[in-house]
Amino acid sequence: MDLGYDGSLFILAFDHRGSFKSKMFGVTAEPDEDERKRLDASKRVVWQGFQKAHVLGLPEGAGILVDEEMGAGVAREASDLGIPFALPVERSGQRAFDFEYGDDFGAHIEEFDPTFAKVLVRWNPADDPGLKEEQGGRLNLLSDWLHGHDRKFLFELLVPASESQLELVGGDAGAFDSRMRPMLMLETIAELRAMGIEPDIWKIEGVDERADCKLLAALTMAGGRTAVRSVVLGRGADDAKVDHWLRSGAPVHGYAGFAIGRSIWWDAVSEWKNGALSDDDAADQIAANFRRFIDVYTSAGT
């Protein structure tokens, strides 16, 4: 199959699992029946927000990223409606990438038939070589399986700072983000590709400088990968910061949109959970936030 993706992508991401259960609902063990219903209902509120935005008019490429654990019904509805959607295949909350369903990962992908199979991977060039080999072997298996089955691969790359890297910037996480992470991301992408891992779309952390966006996009498309695309992730940052990242990437050739989650729905779901918002009101708020980020990106790209 041809590597890459043709078109824009505006993804409302709500595939959060471990952190969602613990930080939003205080669920730290296996959910009981009532907790499970509440968790599933919260995912459906976000889905309702997407549907409201869709009714009002969304650009081509607007879709969702939702998990099987709490959003299986939503994923099936999105598929039936022909809405682009991504399904995560990684086990939530792990330092090293592993498959949520072990050797059965392919069967789960085929059952839900997502537009994209998505992984979240934490990788730093300074990581232990053994950790890289462990993650790389699994990611290579997935990459080969997806392309062998004519499926698209969405790769969410996080580059967490090492202790020594943070020391170089005096412990300033913001300085690491702006001064060190872009170069580490470039090195990471090169390492992953050298291991035979070939995403169609890179979901990458926002960077402050447009020049860094250009370097990242150029590398992801290098070596004949001209159709490979990048999208900006939100990292749960405030609106001003996410807006800046979107405006940095939008005009750059090779950037195709975004995949934003908590920045769109966290506050609305929190108020819904506490009874301050109805299903309808929470969905309205989510729809408005999603639409606003789309407008920021599209206006910056013109």
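Let's start at one side chain, Phe-290. Skipping its neighbours within four places in sequence, Phe-290 is in contact with Phe-10, Ile-11, Leu-12, Phe-50, Ala-53, Leu-58, Ala-62, Gly-63, Phe-258 and Ile-264. Keep in mind as you look around that this is a predicted model.

Phe-290 also turns up in a bigger picture: the largest nonpolar core has 85 residues, and Phe-290 is listed among those with the most contacts inside it, along with Leu-12, Ile-64, Leu-142, Phe-155, Phe-258 and Trp-265. Apart from that core lies another one, of 12 residues, including Leu-9, Leu-65, Ala-86 and Leu-154. As a general rule, nonpolar side chains in soluble globular proteins tend to be buried together.

Now step back and take in the whole protein. You'll find 11 helices and eight strands. The C-alpha atoms fill a box of roughly 45 × 45 × 40 Å along the principal axes. A compact globule of 302 residues would have a radius of gyration near 19 Å, and the protein has 18 Å, so the two agree. Buried residues make up 53% of the 302. The chain also brings distant stretches together: take the contacts between residues at least 6 apart in sequence, and 77% of them join residues at least 24 apart.

Helix α10 is a good one to follow next. Its buried residues are Ser-263, Ile-264, Trp-265, Ala-268, Val-269 and Trp-272. What do they pack against? The buried residues of α10 pack against β1 (9–14), α1, α2 (33–56), α9 (239–249), β8 and α11 (279–300). Just after α10, Gly-275 takes a positive phi of about 85 degrees.

Then there's the empty space. Rolling a probe the size of a water molecule over the atoms shows where it is left. Here, the largest pocket holds about 700 Å³ of space. Of the 38 residues that line this pocket, His-16, Leu-120, Arg-122, Glu-156 and Leu-158 are the closest to its centre. The lining divides into 13 nonpolar, 10 polar and 15 charged residues. Which elements supply at least two residues each to the lining? They are α1 (18–25), β4 (116–122), β5 (152–158), β6 (201–205), β8 (255–260) and α10 (262–273).

Since α1 has come up, have a look at Ser-19, which sits in that helix. Is Ser-19 buried, exposed or partly exposed? Its relative accessible area is 35%, so Ser-19 counts as partly exposed. Asp-295 is 276 residues away from Ser-19 along the chain, and the C-alpha atoms of the two are separated by 29 Å.

Methods
Residues numbered from 1 in each chain as written. Predicted model: local features only at pLDDT ≥ 70, side-chain atom pairs only at ≥ 80, totals over all residues. Heavy atoms only, no water. 1 Å grid on protein atoms, 1.4 Å probe; cavity = no way out; pocket = protein on both sides within 12 Å on 5 of 7 lines; lining within 4 Å. Points joined across faces, edges and corners; volume = space filled by probe spheres on them. Helix = DSSP H or I, 4+ residues; strand = E, 2+ residues; numbered from the N terminus. Nonpolar A, V, L, I, M, F, W, Y, C, P; charged D, E, K, R; others polar. Core = buried A, V, L, I, M, F, W, Y, C linked by side-chain atoms within 4.5 Å. Buried < 20%, exposed > 50% of the residue type's maximum accessible area, 1.4 Å probe, protein only. Contact = heavy atoms within 4.5 Å. Rg over C-alpha atoms; globule rule 2.2 N^0.38 Å.
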